[in-house]
Structures are given as structure tokens and as C-alpha cells.
Amino acid sequence: MNSLQLSEWLPSFLVPFFTLSYPTTPPGHPDSFHDSLYYVTGILDTCVIISCIAVMVVLRDITCIYLMEPFAKWKLTRNWERSQRKKISVNGAPKGSVIGSSVPNSIDSHKNGQHAPLPMSNRDVCRIHRSTLRFSEQGWSSIDNTANFTFGVYVHRNLPTRVLYPSDVWLSYPHVPLAGLVKFYYLTQTAFYLHHVLILNAEARRKDYVQMMAHHIITITLIVGTYACNLTRLGCVIMVLMDCSHVFLPYALSPRFSLEVLSVIWFVMICCVGYHIATGQGVSDIWSNEEDG
């Protein structure tokens, strides 16, 4: 992300969209990312956020249209056909089948060694379509959250911070300038939640629309706030903990997996750890307080 090299073949107004802005002199004795370029913050950082949102939108459409939806449609259709053929073999023609269609004969007929397709009611078509869209959305969320969590773990491992020792996040405060990877991690996280706000409003209204929108807005506010106040190490720890739970959240939201209770417990645990880190208390204090009481 060298802005000097990009400026040679890109117009100057496009350079902030493809590289980190505000490079500066590295600190004399950095405690992390020793070989990294260092940056300060500024308004042009929003250009990278816009570029990341555009990339996420394109990747989401490609993943959903060409990977998740074909697989889900094939899988759900195959399961439906198997269940229908099993019902027909036991009870005869299913209810709701098209009048005049010889379903039993079509089951026994083969073409190139395969069964002829069964007639599908409009209700089953709509149900499979809804399930296909739901699977593609949750599949993309799982991939996206896993990528964010992996990136966050890498950044966290290279910082002198530990999850169970919240005092580490205040070492060498304020944490300016920022290493290039830390800055890019913060900007991609901001783009990630802004992207989800756009998707949430573009899709059909969900039952948990208000809760998800409130979650995204609060998270974006906290990310931007810690970025502006140079609390990036505190933010990195909390975002890694959040992304860890978000990896499993799509499975908990799927109707085929009854993990609602587990997701609630996990969310409460993350909130407790984040609160104690933000207030400067150790996680061990939680257990010691309970034992004292």
C-alpha cells in the first residue's frame, strides 16, 4: 500500500481508496510490528472503508449466487425428492400432485439411469426458495466472520496484549502512531458492520431487524469512538472476542440448529469479559467476587 507508487499510475483522488492514508515516521522503539509502516488517523480513512464495503458486496454476491445458492437448492431439492419418493412408495401419489400426471409411472421410469423429476407444488417451491436464500446468507456470514476472526487473532497475537490481563491494553498509551495492519484491521471492521447495515436494509425485513440494527449501530459507534480516542488496543481485544462468537452465530440463527440457548450464554460471557476489560478489572476478579460472596 505505497501511496507514492500508486500515484504514478492512478489519479490523485483515487489513491486514498486503494492505500492507507497519513503515513508517518515509525516510533523509535515500537513494542509490536517492528517492520511495519506506521500511520496516523484522519478523514481520508473513510475512503478505504468505502473500498472495503464495495469489495465485500462483490464477494458476497459471487459467493451467494455461484456457491451457496446452487448447493442449497441442489441439497434441498434432493432431500425433497427423496422424501416424496419414500412417501409414494409407502402411500401412493402424494397430496397436491398435479392432476393427470402419472407420478407412480414417472418414479419407475428411468432416463439414462435416473428418475424422472417429480412435480413440485408452489408451496414447496417457495419453501425451498426461502431456505435457499437463508442458507446463502448465513453461509456468507459464516465465511465473513471466520475471515475477520482469523485476521483479528493474527493482529492480537502480534500486540503486547492478553485477554485475561486487561491492564495490558493501557501499556504505552496513547497508541499513536498505528501500525499499518492495526489500522487496516480497524478500517475493515468498520466496513464490515457498515456493509451489514446496508445488507440488512436491502434484504426482506427480518423478525430481528430492530435488534440487529441496534447491534450494528452501537458496534460502529464504539469502533469509531475507540479509533478516534486512540483506544485501538482495547478495541482489538473486544473485537476479537466478538468475532469469536460471531463465527458460530449463523449456525445458531439457522432453524435447523437449536443453539439459541448456547448463543445467549456465549453473548452474556462476551459482554461480561468486555465489560471487565473496559473497566480495568481482570477476568479472574469475576470468579473471586463470586467466591467471596
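This report walks through the aromatic contacts, salt bridges, small sheet, surface patch and unusual backbone spots of a predicted model.

## Aromatic pairs

Start with the rings. Searching the whole structure turns up seven aromatic pairs. One of them is Phe 71 with Trp 74, a tilted pair whose centres are 6.0 Å apart and whose planes make an angle of 45 degrees. Both residues belong to helix H3 (residues 45-91), where they sit three residues apart, or about one turn of the helix. Neither side of this pair is hidden away: Phe 71 is partly exposed at 43% relative accessibility, and Trp 74 is also partly exposed, with 48%. Add Phe 135 to Phe 71 and Trp 74 and you have one aromatic cluster.

Now for Phe 151 and Tyr 185. Their ring centres are 5.4 Å apart and the planes stand at 80 degrees, so this pair counts as edge-to-face, the label for angles over 60 degrees. Here the contact ties together distant parts of the chain, with Phe 151 in helix H5 (residues 122-157) and Tyr 185 in helix H6 (residues 180-202), 34 residues apart. Tyr 185 has a relative accessibility of just 1%, so it counts as buried.

## Arginines over rings

Two tyrosines have an arginine over the ring. Arg 162 lies over the face of Tyr 165, 4.1 Å from the ring centre. In the other case, Arg 205 places its charged end over the ring of Tyr 209, at 3.8 Å from the centre.

Arg 162 has a second job to report: it makes a salt bridge with Asp 168, with 2.7 Å between the closest N and O atoms. How exposed are the two partners? Arg 162 is partly exposed at 46% relative accessibility, while Asp 168 is buried at 7%.

## More salt bridges

Over the whole structure, the search gives five salt bridges. One of them joins the side chains of Lys 183 and Asp 45, 2.9 Å from N to O. It's a link between distant parts of the chain: Lys 183 is in helix H6 and Asp 45 is in helix H3, 138 residues apart. Are these two residues buried or exposed? Both Lys 183 and Asp 45 are buried.

Arg 127 and Asp 124 give a more local example. Their side chains meet in a salt bridge with an N to O distance of 3.8 Å. The two are three residues apart in helix H5, so about one helical turn separates them. Arg 127 is partly exposed, with a relative accessible area of 36%, whereas Asp 124, at 17%, is buried because the cut-off for that label is under 20%.

## A small open sheet

On to the strands. Three of them make up an open sheet, ordered E1-E2-E5, with antiparallel pairing. Strands E1 (23-24) and E5 (178-179) are at the edges, and each has a single partner strand, so one side of each has no neighbour in the sheet.

E2 (residues 38-39) pairs with E5 over two bridges, in the antiparallel sense. Within that pairing, Tyr 39 has Leu 178 of E5 as its bridge partner.

## A nonpolar patch

Val 58, Ile 62, Ile 65 and Tyr 66 come together as a nonpolar patch on the surface, and their combined accessible area is about 430 Å². Tyr 66 is part of helix H3. With a relative accessibility of 66%, Tyr 66 counts as exposed.

## Backbone oddities

Most residues other than glycine have a negative phi, and most peptide bonds are trans. A few places here go the other way. The peptide bond between Val 176 and Pro 177 is cis, with omega about 0 degrees. Pro 177 is in the loop between H5 and E5.

Phe 33 isn't a glycine, yet its phi is positive, near 50 degrees. You'll find Phe 33 in the loop between E1 and E2, and at 10% relative accessibility it counts as buried. Asn 230 also has a positive phi, about 60 degrees, without being a glycine. Its place is the loop between helix H7 (209-228) and helix H8 (232-253).

Terms used
Residues numbered from 1 in each chain as written. Predicted model: local features only at pLDDT ≥ 70, side-chain atom pairs only at ≥ 80, totals over all residues. Heavy atoms only, no water. Phe/Tyr/Trp six-rings, centres within 6.5 Å; stacked < 30°, edge-to-face > 60°. Helix = DSSP H or I, 4+ residues; strand = E, 2+ residues; numbered from the N terminus. Buried < 20%, exposed > 50% of the residue type's maximum accessible area, 1.4 Å probe, protein only. Lys NZ or Arg CZ within 6 Å of the ring centre and 35° of its normal. Pairing = 2+ DSSP bridges. Patch = residues over 30% accessible without salt bridge, like charges linked within 9 Å, V, L, I, M, F, W, Y side chains within 5 Å. Areas by Shrake-Rupley, 256 points an atom, 1.4 Å probe, with all protein chains shown as cover. Salt bridge = Lys/Arg side-chain N within 4 Å of Asp/Glu carboxyl O.
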